[in-house]
Amino acid sequence: SELRPLQLLSYLTVFLLVTLTDAKRDLKSACLTCQQITENFNKGFERTAKQNFGGGNTAWEERKLSKYETSEIRLMEIVEGLCESSSFECNHMVEEHEEQLETWWFKRKTKHPDLHKWFCIETIKVCCPKGTFGRDCNSCVGGSERPCHGNGVCDGDGTRGGDGKCSCNHGYTGEFCLDCTDGHFSAARNDTFSLCTECHTSCKTCTGATNQDCHECKEGWREDDQEACVDVDECSGEPSPCREDQYCLNADGSYSCRACDNVCSGCTGAGADRCQSCAGGYHRSEGTCADVDECSQSDPVCTEDNQKCINTHGSYMCVCTGGYEEKDGKCVHTVPPVEEENSEASEVTSDPHGEL
Ligand SMILES: *[C@@H]1O[C@H](CO)[C@@H](O)[C@H](O)[C@H]1NC(C)=O
Ligand SMILES: [Ca+2]
């Protein structure tokens, strides 16, 4: 089957879009790679300096060292440490531009001591000066001095990629990062400067920092007589917002539902002493809910022959006594086990009871 022209066109479009997005990311990462290279270069420069000034130099050694200082050997030692061996992008960039690094080392270093500036920005042109972005190193939104007016990050800042637009810091919004988001108020502002400060935790929007400066209370808060936002006590309402086997715990601006202790049937708080009533198998005793010992009640609960009662937390079990095993609800003589590998001593079988 043949590809129809329209289909082909849409494939092409997708291909182009993917390629373009990749290219944009590549422009940013190329600069990061270059930055890493120049940082490692500077580190290598320091490392090789220390290496060769051991002390006690004779005049001969000093002459030799001063030669080493600017030598090709030293450059090679530095270049060897520029990239992780696993970083393809880094090694590729160094290989591609080794000549330029050499030029800088022998001819430009004195006049242009900043390697990042000379190499990454001006020579191989994968980076831009701080505060600028993109192919032509245009100024970021808000200007290159204080991109995004100091309240955000400029896309592609310092690289040949990006679009120069701002991602604003928490609390700031708008193209220029001069506006305040909900939950923040403007503490100071002019055309080029903005300070947004967090509202009181009870406000959705506000004009100042206290709970009396709210425009509108946040959910979970209400306005009181003094027009301040105060916590709603969700737990004081009837009915409780929680399930029957939970208790309600109020908090500033919210509440939570917690599980009652499992000896309780309904509760007002945590623990066995906050039960409203006791769960099956438990009885009220000294202000708390304690296990009922079914086995020591006057009416026996395990009534079959050769059966005994075992009390458990909140319940009990009827089990056959030694030498007997359960069969169809009765306790019968255990048949002596035939020679068998897996002869688990025929266990007493349980007959758990939920409630009485
Ligand atoms: C804006 O405010 C800042 C901080 O108060 C100040 O440094 C700056 O000079 C002001 N700019 C203008 C244009 O008023
Ligand atoms: Ca609350």
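Select histidine 116 to begin: this residue lies in helix α6, where helices (H or I, at least four residues) and strands (E, at least two) are DSSP runs numbered from the N terminus. Histidine 116 is partly exposed, with 18 other C-beta atoms within 10 Å. On this scale a residue is buried if 20 or more other C-beta atoms lie within 10 Å of its own, exposed if 12 or fewer, and partly exposed in between, with C-beta atoms placed from the backbone. The model is a predicted one, in which local features need pLDDT of at least 70 and side-chain atom pairs count only at pLDDT 80 or more, while totals for chains, interfaces and linings use all residues. Residues are numbered from 1 along each chain as its sequence is written, and chains are lettered from A and ligands numbered from 1 in the order in which they are written.

**Around helix α6**

Add threonine 38 to the selection. Its C-alpha atom is 5.7 Å from that of histidine 116, although the two residues are 78 apart in sequence. Neighbours within four places in sequence aside, histidine 116 is in contact with Gln35, Thr38 and Ile121; two residues are in contact if their C-beta atoms, placed from the backbone, lie within 7 Å.

Next, select phenylalanine 119, which is also placed in helix α6. Is phenylalanine 119 buried or exposed? Phenylalanine 119 is buried, because 25 other C-beta atoms lie within 10 Å. Its C-alpha atom is separated by 8.1 Å from that of threonine 38, 81 residues away along the chain. Beyond its neighbours within four places in sequence, phenylalanine 119 is in contact with Cys34, Thr38, Gln100, Leu101, Trp104 and Ile124.

**The α5 and α6 pair**

Now display helix α5 (residues 98-108) together with helix α6 (residues 115-123). Their axes come within 11 Å and cross at roughly 135°; axes are lines fitted to C-alpha atoms, for helices over the stretch in contact, and angles run from 0 to 180 degrees between N-to-C directions. The crossing angle therefore makes α5 oblique to α6, given that angles under 35 degrees count as roughly parallel, over 145 as roughly antiparallel, 65 to 115 as roughly perpendicular and the rest as oblique.

To see the contact itself, select Gln100, Leu101, Trp104 and Arg108 on α5, and Leu115, Trp118, Phe119 and Thr123 on α6. By class, this contact has five nonpolar, two polar and one charged residues. Ala, Val, Leu, Ile, Met, Phe, Trp, Tyr, Cys and Pro count as nonpolar, Asp, Glu, Lys and Arg as charged, and the others, Gly among them, as polar.

**Helix α1**

Move to lysine 43, found in helix α1 (residues 5-51). With 13 C-beta neighbours inside 10 Å, lysine 43 counts as partly exposed. Select glycine 81 as well: its C-alpha atom is separated by 9.0 Å from that of lysine 43, 38 residues away along the chain.

**Backbone features in loops**

Most residues other than glycine have a negative phi, and most peptide bonds are trans. Three places in the loops merit a selection.

- Cysteine 177 has a positive phi of about 55° although it is not a glycine. Cysteine 177 lies in the loop between β5 (172-173) and β6 (179-180), and counts as buried with 25 C-beta neighbours inside 10 Å.
- Glutamate 286, likewise not a glycine, has a positive phi of about 50°. Glutamate 286 is found in the loop between β17 (282-285) and β18 (288-291), and counts as exposed with 7 C-beta neighbours inside 10 Å.
- Glutamate 238 and proline 239 are joined by a cis peptide bond, with omega about -5°. Proline 239 lies in the loop between β12 (229-231) and β13 (246-251).

Then select glycine 281, in the loop between β16 (275-278) and β17. Glycine 281 counts as buried, with 20 C-beta neighbours inside 10 Å. Its C-alpha atom is 8.7 Å from that of tyrosine 316, and the two are 35 residues apart in sequence.

**Ligand 1 and the whole chain**

Which residues are around ligand 1? Select Ala188, Asn190, Asp191, Thr192 and Phe193; a residue is near a molecule if its C-beta atom, placed from the backbone, lies within 6 Å of it. This shell divides into two nonpolar, two polar and one charged residues.

Finally, display the entire protein chain, in which there are six helices and 22 strands. Of its 356 residues, 24% count as buried. Among contacts between residues at least 6 apart in sequence, 31% join residues at least 24 apart.
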